[in-house]
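Me: I have a chain open in my viewer and would like to learn how to read it. Could you walk me through it, one feature at a time?

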Amino acid sequence: MRLDGRRFSNNVEDRRGSSFSGGKIAGVGGIGAIIIAALIAWLSGENPLSVLFDQTAFTDNSYQVQNYVPTEKEEAYAQFASRILAGTEDVWSQEFQKMGLRYREPKLVLYTGSVQSGCGGATSSVGPFYCSADETIYLDLSFFDQMEQEMGAGGDFAFAYVIAHEVGHHVQHLLGTLDEAHAEMAYQNKTEANRISVRTELQADFYAGVWAYHDNQLFGSLEDGDIEEGLNAASKIGDDYLQKKARGYSVPETFNHGRSDQRVRWLKRGATTGNIKNGDTFSLSYNSL
């Protein structure tokens, strides 16, 4: 991606080196939820979102501040994340204005190890997540190394896709979609709740693509191979791909983020059309997603 000369966001809070213990994590959404799904839900048959909503990760409520010196690579990740967030601010402010709405910018918290959010406490094993209670994205930058080394999903646009996906959840929150989806999930059985989750996640993928389209229109940010990096990342975080990799087979009724082909399709649809109106994943029949 071409980011030279691009501005940094003013909405980044750096909590690296401060570890939190205490509380629960709830009401999150995003790519990082797959980490817990792989470790717990896939092997137990539980709904990964219910695991996220109810997980008690800590025993007390305290912060420990340590002397933390980031590596040069991590600091480059931090600057990259700030520039990508700034790009989402520019794009979504413009898109909301087209709809006659005002875009409220989310905050990005960088942390290491564990963090306290408006939705409760979390460890980095959760991966990147969005909390609608405080309208904040939480990111341990080591996740980018995990994508590259463990998932084979590296590349600057792949990393940008992660951030843009979580911002997509913020867009859903501002438009009322996210809260409606979570409310509906609470009244459904596991299979139906998972299907609603899939619709929610695929729409966030679509919004990430919409951002990429308009960011490129505004700044000429995309280079050859960038979209392919994002599509590769989308394919590597599909429920079917990860379940087969973890245990040799997949269980479709437990899918909560979408199959690889679905995630690729919706990210690509957003990136090629740039039209937010093409991202209604809730009206289509489930088998048409």
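**Reading the model together**

Reply: Happy to. Let's begin with confidence: this is a predicted model, its mean pLDDT is 84, and 83% of the residues reach 70 or more.

Me: Which helices have the lowest and the highest mean pLDDT among the elements?

Reply: Helix H2 (residues 48-54) has the lowest, at 38, while helix H3 (residues 72-98) has the highest, at 97. There are also stretches to treat by residue number. Over residues 22-27 the pLDDT is below 50, and this stretch has 35 contacts in the model beyond near neighbours in sequence. Residues 34-65 likewise stay under 50, and the model gives them 84 contacts beyond four places in sequence.

Me: How many helices and strands does the chain have?

Reply: The secondary structure comes to ten helices and nine strands. For the fold as a whole, look at sequence separation: of the contacts with a separation of 6 or more, 78% join residues 24 or more positions apart. Burial is another overall number, with 55% of the 289 residues buried. As for surface, the chain exposes about 12,100 Å², and carbon and sulfur atoms supply 47% of that area.

Me: Now a single helix, please. Which residues of H4 are buried?

Reply: The idea is to list the buried residues, then look down the axis. In H4 (residues 142-150), Phe143, Phe144 and Met147 are buried. Down the axis of H4 they fall within an arc of 110 degrees, so these residues line one face of the helix. Turned away from that buried side is a face carrying Gln149 and Glu150, which are exposed. Just after H4 comes Gly152, with a positive phi of about 65 degrees.

Me: Let me practise on H6. Which of its residues are buried?

Reply: In H6 (residues 177-185) they are Thr177, Leu178, Ala181, His182 and Met185. Their arc, seen down the axis of H6, is 125 degrees, so the buried residues line one face of this helix too.

Me: And on the outside, which residues make the nonpolar surface patch of about 220 Å²?

Reply: For a patch, take the members, then check where one sits and how much of that residue shows. Met99, Leu101 and Leu175 make this patch. Leu101 lies in the loop between H3 and strand E5 (107-110). With a relative accessible area of 41%, Leu101 is partly exposed; the cut-off for a patch member is over 30%, so Leu101 passes that test.

Conventions:
Residues numbered from 1 in each chain as written. Predicted model: local features only at pLDDT ≥ 70, side-chain atom pairs only at ≥ 80, totals over all residues. Heavy atoms only, no water. pLDDT = per-residue confidence, 0-100. Helix = DSSP H or I, 4+ residues; strand = E, 2+ residues; numbered from the N terminus. Contact = heavy atoms within 4.5 Å. Buried < 20%, exposed > 50% of the residue type's maximum accessible area, 1.4 Å probe, protein only. Arc of directions from axis to C-beta. Patch = residues over 30% accessible without salt bridge, like charges linked within 9 Å, V, L, I, M, F, W, Y side chains within 5 Å. Areas by Shrake-Rupley, 256 points an atom, 1.4 Å probe, with all protein chains shown as cover. Salt bridge = Lys/Arg side-chain N within 4 Å of Asp/Glu carboxyl O.
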